[in-house]
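Student: Could you take me closely through the salt bridges of this chain, saying which residues pair and how exposed each partner is? I would like the cut-offs stated as you go.

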Amino acid sequence: MQDLFAQSAFHLQNGPDDRGGHDEYTNPMGDVIEVRSSLLPDGRTVWLLSEATERKRIEDRLEEIRRVEALGKVTGEVAHDFGNILSTISGNLHLLETSNASDAPFRLGRIRTAVDLGVSLTERLVAFARKQHLEPERVDLGSLVEGMQDLLDIALPENVALHLDVGKDPLHVSLDPGQLESALLNVCMNAAQAMPDAGNIWITLTSQDGHAVLSIKDDGTGMSEETRRHAFEPFYTARPNGEGTGLGLSMVYGFVTQSGGTIEICSAVGQGTTIAIRFPIMATPRIAKPEIPFAGTAIVVDDSSETAAALKVTLATLGYDTLVATNFSDAQKTIETTPDITLLVSDLNLDHGHSGVQLIHATLDRDPLAFAILISSRLPAQDPVNEKFRSRFAMLAKPVDKSDLVHAVTDARR
């Protein structure tokens with residue numbers, strides 16, 4: 001059976017540590033097959049293959065609905081918090097008008113504190129919404145985490161022991177190092193607060209399926225299933241008496257997902273908590289090549305208007321006349337009505353289950369001189385295009401670095 005899958009377009013997605021009782025295979029079009037196997041006493045095996053594409057899409061839709069519900073909660077909480085901030089500012093401004101000059105510094109200090117609280121709240125919400133300004137760079141994740149050991153030793157209580165294992169091999173990823181340090185500190189402090197007496201925190205770094213996996217495990221009180229499901233929601237806190245803002249893990253979630261990674265929580269009451277953060281591993285940097293003139297028409301397809309706009313600016317600086325589409329239908333029309341396309345840059349997963357691979361095949365088949373680049377935070381393990389197109393095709397991981405984009409196009413033009 002494994003040989004049959006190896007010959008198909010489907011590739012294993014979950015790793016050997018997953019315990020869902022099945023393996024999950026996907027193809028570049030987004031189709032999903034779940035595979036279970038049971039060994040019989042005579043040595044033979046029974047295989048059960050389930051086509052799970054539609055169920056996965058329904059689950060994604062339900063998750064989207066839950067996020068909308070969470071947004072409603074956020075709106076109410078934000079209105080309440082900012083109402084308090086504005087009341088403090090308004091009240092002290094009124095008192096400034098009626099009090100004597102000696103009270104002015106005190107009133108101004110109260111106003112300044114309220115403004116700082118509003119700024120901090122805004123920054124946390126921006127982080128959760130994955131719209132914060134990040135400055136990603138190529139970093140060795142192991143060295144970065146190892147360099148934080150002194151800070152973590154100081155920040156954690158004396159009754160919490162820290163154990164660090166980042167391995168020997170460098171794992172390079174693209175992220176904002178300052179934000180990662182903040183996220184790791186946040187997770188470790190949360191873990192420490194889940195230990196009423198004494199305990200341990202283990203931080204390990206491994207590689208798995210092309211990703212760097214940063215795992216933070218503790219032997220604290222653990223989470224109930226209800227708490228685990230809501231842990232990443234802003235303003236949600238399981239601490240007694242309403243302690244904490246409930247924005248810590250939501251900020252970590254926002255940073256990780258905005259950086260092209262994923263974050264998962266595995267926890268049970270009385271059994272501690274493990275938080276696994278995954279980032280795509282960057283390829284070994286290529287030797288710099290001289291830039292050559294670029295020209296012609298480029299089309300960028302991405303359902304994120306911010307990503308599409310950023311790519312358009314990059315391609316424009318290279319000399320391309322760049323068009324943008326943010327959904328599959330518009331992209332299809334743009335490709336059909338645009339003669340002599342030089343370059344197509346498309347996201348893998350588009351709206352309504354469509355794939356950028358469809359657009360790439362159509363473009364490369366119609367325009368024999370065109371080149372296409374597939375971008376995604378989760379790229380296929382193998383080239384998803386036909387053999388005849390592979391010399392005019394490349395894949396780049398999100399977020400797309402300008403130098404990688406230049407190298408990909410430069411290699412194609414040589």
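Tutor: What follows looks at the salt bridges, one pair after another, and then at the cores.

This is a predicted model, in which local features need pLDDT of at least 70 and side-chain atom pairs count only at pLDDT 80 or more, while totals for chains, interfaces and linings use all residues. Residues are numbered from 1 along each chain as its sequence is written, and side-chain values use heavy atoms, with hydrogens and water left out.

A salt bridge is taken here as a side-chain nitrogen of Lys or Arg within 4 Å of a carboxyl oxygen of Asp or Glu, and by this rule the count comes to 13. Side chains of opposite charge can pair when their charged atoms come close.

In one of these bridges the side chains of D42 and R44 meet, with 2.8 Å from N to O. For accessibility, buried means under 20% relative accessible area, exposed over 50%, and partly exposed in between, using a 1.4 Å probe and protein chains only. D42, at 48%, is therefore partly exposed, whereas R44 counts as exposed because its relative accessibility is 57%.

A further bridge joins E264 to R278, whose closest N and O atoms are 3.2 Å apart. This pair links distant parts of the chain, since E264 belongs to strand β10 (residues 262–267) and R278 to strand β11 (residues 273–280), 14 residues apart; helices (H or I, at least four residues) and strands (E, at least two) are DSSP runs, numbered from the N terminus. E264 is partly exposed, with a relative accessible area of 44%, but R278 is buried, at 18%.

D365 and K388 also form a salt bridge, their closest N and O atoms lying 3.8 Å apart. Because D365 is in helix α11 (residues 356–366) and K388 is in the loop between β15 (371–376) and β16 (393–397), the pair ties together parts that are 23 residues apart in sequence. Both partners count as exposed, D365 at 53% relative accessibility and K388 at 56%. In addition, E34, R36, R55 and E59 are joined into one network by salt bridges that share partners.

For context, the largest nonpolar core has 40 residues, a core being a set of buried Ala, Val, Leu, Ile, Met, Phe, Trp, Tyr and Cys residues joined through side-chain atoms within 4.5 Å. Helix α6 (residues 177–193) gives the most to this core, with seven residues. Apart from it lies another core, of 20 residues, including I335 and F393.
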